[in-house]
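Please open the structure in the viewer and keep the selection tool at hand. The tour proceeds by selections, each followed by a description of what is found there.

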Amino acid sequence: MPAGPGDHYFHIGLYAYRRAALERYVALPPAVLERRERLEQLRALEAGLRIDVVLVDTIPLGVDTPAHLALAREMLAPKAAHR
């Protein structure tokens with residue numbers, strides 16, 4: 001739905017494709033809604049490809065800046081063993 005009333009959600013884009021689906025997707029021309037909304041997922045949907053969606057309770061950390069990257073590295077670093 002391009003626009004309208006109702007709930008709106010924060011979008012987290014995590015994409016995983018099977019090879020055949022990706023080959024099909026990249027061969028498709030940009031779809032009308034994709035061009036209008038600037039959302040590449042709409043090309044797949046208009047072509048009948050399946051997209052799964054999951055609602056989550058929290059917004060995960062985005063890594064969009066050097067500061068975000070430093071924070072992510074700190075969060076993922078092994079913790080020192082307690083003695």
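Which residue forms a salt bridge with Asp52? Select Asp52 together with Arg50: these two residues form the salt bridge, and their closest N and O atoms are 2.9 Å apart. The model in view is a predicted one. Asp52 is exposed, with a relative accessible area of 58%, and Arg50 is likewise classed as exposed, at 71% relative accessibility.

**The whole chain**

Next, display the chain as a cartoon. The chain contains four helices and zero strands, and the order of elements from the N terminus is α-α-α-α. The radius of gyration is 18 Å, well over the 12 Å that the globule rule gives for 83 residues, so the chain is more spread out than a compact globule. Taken along the principal axes, the box filled by the C-alpha atoms is roughly 60 × 35 × 25 Å. Of the 83 residues, 11% count as buried. When contacts between residues at least 6 apart in sequence are considered, 32% of them join residues at least 24 apart. A surface representation shows about 7,900 Å² of exposed area, of which carbon and sulfur atoms supply 59%.

**Glu34 and its partners**

Now select Glu34, which belongs to helix H2 (residues 32–37). Is this residue buried or exposed? Glu34 counts as buried because its relative accessible area is 11%, under the 20% limit. Add Arg43 to the selection: Arg43 and Glu34 form a salt bridge whose closest N and O atoms are 2.8 Å apart. Both partners are buried. Side chains of opposite charge can pair when their charged atoms come close.

Extend the selection to Ala31, whose backbone nitrogen lies 3.1 Å from a polar atom of the Glu34 side chain. Beyond its neighbours within four places in sequence, Glu34 is in contact with Tyr25, Leu39, Glu40, Leu42, Arg43 and Glu46.

**The remaining salt bridge**

The structure holds three salt bridges. For the one not yet visited, select Arg36 and Glu37, where the closest N and O atoms are 3.9 Å apart. Arg36 is exposed, with a relative accessible area of 56%, whereas Glu37 is partly exposed, at 29%.

**From the loop into H3**

Move to Arg38, in the loop between H2 and H3. Arg38 is not a glycine, yet its phi is positive, at about 60 degrees. With 74% relative accessibility, Arg38 counts as exposed.

Continue to Gln41 in helix H3 (residues 41–46). Gln41 is buried, with a relative accessible area of 14%. Which side chain makes a polar contact with the side chain of Gln41? Select Tyr15: the two side chains make this contact at 3.0 Å. Residues up to four places away in sequence aside, Gln41 touches His11, Tyr15 and Ile51.

**A nonpolar patch**

Finally, select Leu61, Val63, Leu69, Leu71, Met75 and Leu76 and show their surface. These residues form a nonpolar patch with about 560 Å² of accessible area together. One of them, Leu76, is found in helix H4 (residues 66–76). Leu76 counts as exposed because its relative accessibility is 73%, over the 50% limit.

Methods. Residues numbered from 1 in each chain as written. Predicted model: local features only at pLDDT ≥ 70, side-chain atom pairs only at ≥ 80, totals over all residues. Heavy atoms only, no water. Helix = DSSP H or I, 4+ residues; strand = E, 2+ residues; numbered from the N terminus. Buried < 20%, exposed > 50% of the residue type's maximum accessible area, 1.4 Å probe, protein only. Polar contact = N/O pair within 3.5 Å; in protein donor to acceptor, adjacent residues only side chain to side chain. Contact = heavy atoms within 4.5 Å. Salt bridge = Lys/Arg side-chain N within 4 Å of Asp/Glu carboxyl O. Patch = residues over 30% accessible without salt bridge, like charges linked within 9 Å, V, L, I, M, F, W, Y side chains within 5 Å. Areas by Shrake-Rupley, 256 points an atom, 1.4 Å probe, with all protein chains shown as cover. Rg over C-alpha atoms; globule rule 2.2 N^0.38 Å.
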